[in-house]
Amino acid sequence: MSTTRRSGEQSWLQFLKRPKRGVPEGLWLRCDGCSATVFRNQVEENLNVCPECDHHFQVPTAVRLRQLLDPDSFEEWYADMAPGDPLQFADRVSYRDRLKAEQKKTGLKDACTVGRGYMRGRPLVFGMTDSSFIMGSMGSVVGEKLTRAVERATELKLPLVVVSGSGGGARMHEGILSLMQMGKVAAALARFRQARGLFISVLTNPTMGGVAASFASLGDVILAEPRALVGFAGPRVVQATCKMDLPEGFQTSEFLLKHGFIDRIVHRRQLRSEVARIIDYCTR
Amino acid sequence: MRHVLPFEKPIFELEEQLAALEAQPAPTPAVQDSIQRMRVEITRMTRERYENLDPWEIVQVSRHPERPQTADYLELLFDEFVELHGDRAFGDDRAIVTGFAKLDRRRVMVVGHQKGRTLKERNEFFYGCAHPEGYRKARYRMKMASRYGLPIVCLIDTPGAYPGVGAEERGQAYNIAVNLRDMSTLEVPIVCVVIGEGGSGGALGIGIGDHVAMLQNAYYSVISPEGCAGILWKHSEHADKAARALKFTSRDLLELGVVEEIIPEPLGGAHRNHRHTATAVKSSIVAALKSLETLSVEELLERRYQRFRRIGVFEETGSA
């Protein structure tokens, strides 16, 4: 589909695609999907989807909230929760410095935002992880916020929608405490499920490791944006272990759909209406 | 041939000298005297070395090829083991062994990672790295145990869940996730022991317990030291630095409140004496089961929920 759309403007696109220097930072974007150079403005107006190839760019928290929830309907919970440094962790950079840099870069205290909002008029508890904050990895704050969100969804008898983006999985810098967050959120989801709560998990590019191996895979319905990278082990690790070329489209949304691990692939344009529709089917 | 870890070398050299002396048919009093002194020296050296293991050395001990594995504990710790194979969906993952067992007079369900001893076994067991079917097999047996009131004993010893094409195709992430969720509501006591390597999600996938103990020289980590070094230090040769940074030794985890107990190992590591190690593991499991059995199902489940619920370190000003 994307190729036909492109054909009319082939020469212009060829021109745009050629490697060049001095592109003003911020005005243009290079698409990871088709390598076309596209106007940032145009992409942003298109829900951060490439107008050329439909590649779904990663979306910052504030934008995602605006895209998905009804205007001004989001009431953020636990916004003051901030990460500690339980291990006094340092690699080449200390975790504290890394946190400061990431906080400055994203304007977030940590990767996760939770709260209550409306989607097309339907009340719900909403959570998301932002893959731009230390790869959207799950440390204590992400685990705690999501667990509280699940617990409150249980109390309030509201559907729960979590949009995950995490290339990092469980956050190394908080060591074993990060791993335990997987169990903590999963246990809260078990109780939510026993209380017949509806959990819709939305997977975005990328959702890997400990995030994929806990809450993100536990949706009653699991939706994924097109061509998102979703899996347990990183593709490079898999390749190194198997010592063979990875199959075409390995660990993409389409791969997961084919193998039976997600329910639907949904274009970002339809995400709100799809989630709203599923809520309507599953709530009385 | 015994496997010698680099830092054990001086100890082994002395032990070889000792063996040579002891092999003398008619030792003079002088030789007997030096045998005696050498024995004392070996014990002193071993104790000193093993009391001061660096986290990276602990990883090496935890991976020692002669370290007791699930198969050894099944032999030494339980009076009977009735293996139950397969996951009813895909196959029989040999990296996780499941079955009924008798622990003194108690009937229990055992779930344990299997690394394998011989090369053939190791290849069949993928060195203890389970596939999705392994986690599904474990889940099937644990749910069964819950229905029949059998306490569950999990023996954790894996470098991690298998990172392969087939594992991804068959839902590695999903199957671990479901284990985490479903184990949290099983209506029987779950006692876990990290006997060697506690490798990330692959370990936690059978690690949601009411009582989690670690052998002294086991480690339990969010990521392997090599993996962490590869990402954060850009090369796996910095694994020793990652091992120190990750705080994953039994002492660290006890301090962090992630495990309840450290099971001491015999002098020189568990691989030096399987029987003593098994005895210590057994008394830990039995004591844990005894205390958990006094709880009602509601108490047990609430306690298990809170056990994980309280884990995490963060700051909150209370302004929002």
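**Notes on two cavities and a helix pair**

1. Let's start with the character of one lining: by class, the second largest cavity is lined by 4 nonpolar, 8 polar and 4 charged residues. Please keep in mind as you read that this is a predicted model.

2. How big is that second largest cavity? Its volume is about 90 Å³. Its lining has 16 residues, and if you want to find its centre in the viewer, look for Gln58(A), Val59(A), Arg64(A), Ser131(A) and Thr204(A), which are the closest to it.

3. Next, see which elements surround the second largest cavity. Those that give two or more residues to its lining are three strands of chain A: β6 (122-129), β7 (160-166) and β8 (199-208). The largest share comes from β7(A), with 3 residues.

4. Now step back to the whole structure, where a search finds 4 cavities of 30 Å³ or more. The largest of them has a volume of about 150 Å³. Of the 17 residues in its lining, the closest to the centre are Ser217(A), Leu256(A) and Phe261(A) from chain A, along with Ala173(B) and Tyr174(B) from chain B.

5. Which elements give two or more residues to the lining of the largest cavity? They are β10 (230-231) and α10 (253-259) of chain A, together with α8 (172-183) of chain B. The element that gives the most is α8(B), with 3 residues.

6. It is worth setting the two linings side by side. The lining of the largest cavity has 12 nonpolar, 4 polar and 1 charged residues, while the lining of the second largest has 4 nonpolar, 8 polar and 4 charged.

7. Finally, turn to a pair of helices in chain B. Two packed helices are described by the angle between their axes and the distance between the axes. Here, the axes of α1 (residues 9-22) and α2 (residues 29-51) of chain B come within 10 Å and cross at roughly 160°. Angles over 145 degrees count as roughly antiparallel, so α1(B) is roughly antiparallel to α2(B). Their crossing is left-handed.

8. Which residues make the contact between these helices? On the α1(B) side they include Ile11(B), Leu14(B), Leu18(B) and Leu21(B), and on the α2(B) side they include Val31(B), Ile35(B), Met38(B), Ile42(B) and Met45(B). Charged residues take part too, among them Glu15(B) and Glu22(B) in α1(B) and Arg39(B) and Arg49(B) in α2(B). Taken together, the residues of this contact divide into 10 nonpolar, 3 polar and 5 charged.

Conventions. Residues are numbered from 1 along each chain as its sequence is written. Chains are lettered from A and ligands numbered from 1 in the order in which they are written. This is a predicted model: local features need pLDDT of at least 70, side-chain atom pairs count only at pLDDT 80 or more; totals for chains, interfaces and linings use all residues. Side-chain values use heavy atoms; hydrogens and water are left out. On a 1 Å grid over the protein atoms alone, a cavity is a set of points where a 1.4 Å probe fits but cannot get out, and a pocket is an open set with protein on both sides within 12 Å along at least five of seven lines; lining residues have an atom within 4 Å of a point. Grid points are joined across faces, edges and corners, and a volume is the space filled by probe spheres set on the points. Helices (H or I, at least four residues) and strands (E, at least two) are DSSP runs, numbered from the N terminus. Axes are lines fitted to C-alpha atoms, for helices over the stretch in contact, and angles run from 0 to 180 degrees between N-to-C directions. Angles under 35 degrees count as roughly parallel, over 145 as roughly antiparallel, 65 to 115 as roughly perpendicular and the rest as oblique. A crossing is left-handed if the near helix is turned anticlockwise from the far one by less than a right angle, and right-handed if clockwise. Contact means heavy atoms within 4.5 Å.
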